[in-house]
Amino acid sequence: MAQLIDGKQIAETVLATVTQTTGELSARGITPGLAVVIVGEDPASQVYVASKSRKAKECGFHSVQHTLPADTDQATLVALIETLNADPAIHGILVQLPLPDHIDSGVIIQTISPEKDVDGFTFVNVGRLGTGEIDSAFVPCTPSGAMIMIERARGRDLSGLNAVVVGRSNIVGKPMANLLLAANCTVTIAHSRTANLPELCRSADILVAAVGRPEMIKGDWVKPGATVIDVGINRIPAPEKGEGKTRLVGDVAYDEAEKVAGAITPVPGGVGPMTIALLMANTLVAACRTAGITPPRF
Ligand SMILES: NC(=O)C1=CN([C@@H]2O[C@H](COP(=O)(O)OP(=O)(O)OC[C@H]3O[C@@H](n4cnc5c(N)ncnc54)[C@H](OP(=O)(O)O)[C@@H]3O)[C@@H](O)[C@H]2O)C=CC1
Ligand SMILES: Nc1nc(=O)c2c([nH]1)NC[C@@H]1CN(c3ccc(C(=O)N[C@@H](CCC(=O)O)C(=O)O)cc3)C=[N+]21
């Protein structure tokens, strides 16, 4: 049986550091400020955004949420971000994705000031990560949280391990691969055109699944003893819980994989809570930088 990598518990340790440093900052008259912007009323997005705003308050942050109607035009959203860029009480800006189709999310993301880009999606922060300038970058929260989980399971020296990342999105797959590369892993990025995916996955000492397909990665795709990080969040029908009910599953067939893996993250309670914790950590780091204070390491 694999070791369970408990995302909720590790997230608590990250949040404890955030809360402590927030206290130290407030003694100097600084309160980290996070602005979360959401366009439209997709219920799943609303749930995530509400939990981000709640956690920010729990950490002692100044937390503001802007909920705009689904038909908001692009210029209005750009203007809001420009206002937040100029607001000294705001250190971090998160625009919840996906945005409605009539808005060009590329334009919106690049409007965010790189110094407040706590999602790490702007060209400046992607470039810093891609060139190995990780200490000055904001790294996207999900892969950053996943790295901490990998280090907790295997120790900080990942040198020479084979890592396979399934998925190549800008939000998860690509930054995840860059972080593993910076940690001296031998990294392969797989995607929907990859040949012999099961065989490739079986070569992985570290297997990261970020696909968005429920339970696609089977037990016999996992190398015995491997560390398996399941980023997927998929809501599927659960008739056993009653008519119309759903449950959350990852991209990995957990019950099979946990018999083979050395360590594995669950869904829920795995990468998800770490994503939120790292958002708080990035916001804290943004506040420390504006104040000229050395931020803690996570
Ligand atoms: N836990 C958390 O905090 C977060 C969880 N998520 C979850 O992670 C998952 C991935 O998210 P995201 O990266 O945004 O998703 P995207 O849809 O942007 O990317 C999915 C990737 O998976 C690849 N893919 C799709 N089907 C297959 C297949 N059959 N075989 C191999 N590769 C395939 C795609 O390949 P191609 O490029 O060729 O199309 C693409 O690169 C989702 O379940 C999402 O909900 C996302 C963000 C945060
Ligand atoms: N600009 C932007 N940044 C993001 O980081 C971002 C985004 N947009 N859009 C959507 C995705 C998704 N995402 C999640 C965060 C937390 C959980 C999470 O906490 N999940 C809980 C379960 C929650 C539930 O029950 O639904 C868990 O896995 O235990 C999941 C998914 C961040 N994303």
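**Two domains, one core, two ligands**

The centres of domain 1 and domain 2, taken over C-alpha atoms, are separated by 28 Å. Domain 1 covers residues 29-113, and domain 2 covers residues 141-273. The model is predicted. Its ipTM is 0.98 and its pTM is 0.97. Average pLDDT for the protein is 97. A score of at least 70 is reached by 100% of the residues.

Start with the inside of the protein. The largest nonpolar core has 89 residues. Those with the most contacts inside this core are A146, V165, L207 and V208. Helix α10 gives the most to the core, with 13 residues. Where does the core sit? It lies between domain 1 and domain 2, because both give residues to it.

Take V208 as a way in. Residues up to four places away in sequence are not counted here. V208 then touches A146, V165 and V166. V208 also touches M176, I229 and V231.

Now turn to helix α10, where A281 has its place. Is A281 buried or exposed? A281 has 28 other C-beta atoms within 10 Å. The cut-off for a buried residue is 20 or more, so A281 is buried. Leaving aside neighbours within four places in sequence, A281 is in contact with V14, V18 and F298. L15 is 266 residues apart from A281 along the chain. Yet the C-alpha atoms of L15 and A281 are separated by 7.4 Å.

Next come the ligands. Ligand 1 has 25 residues around it. G167, S169, S192, G212 and T275 come nearest. Which helix gives the most to this shell? It is α10, residues 271-291, with three residues. By class, the shell around ligand 1 divides into ten nonpolar, twelve polar and three charged residues.

Ligand 2 has 19 residues around it. Here L97, P268, G269, G272 and T275 come nearest. Four elements give two or more residues to this shell: α2 (43-58), β4 (92-95), α6 (141-154) and α10. The largest share, four residues, comes from α10. The shell around ligand 2 has twelve nonpolar, six polar and one charged residues. Domain 1 and domain 2 both give residues to the shell around ligand 2, so it lies between them.

Helix α10 runs through this account. It gives the most to the largest nonpolar core. It gives the most to the shell around ligand 1. It also gives the largest share of the shell around ligand 2. T275 is among the nearest residues to ligand 1 and among the nearest to ligand 2.

Technical notes: Residues numbered from 1 in each chain as written. Chains lettered and ligands numbered in written order. Predicted model: local features only at pLDDT ≥ 70, side-chain atom pairs only at ≥ 80, totals over all residues. Near = placed C-beta within 6 Å. Nonpolar A, V, L, I, M, F, W, Y, C, P; charged D, E, K, R; others polar. pLDDT = per-residue confidence, 0-100. Core = buried A, V, L, I, M, F, W, Y, C linked by C-beta atoms within 7 Å. Buried ≥ 20, exposed ≤ 12 C-beta atoms within 10 Å, placed from the backbone. Domains from an automatic or database assignment. Contact = placed C-beta atoms within 7 Å.
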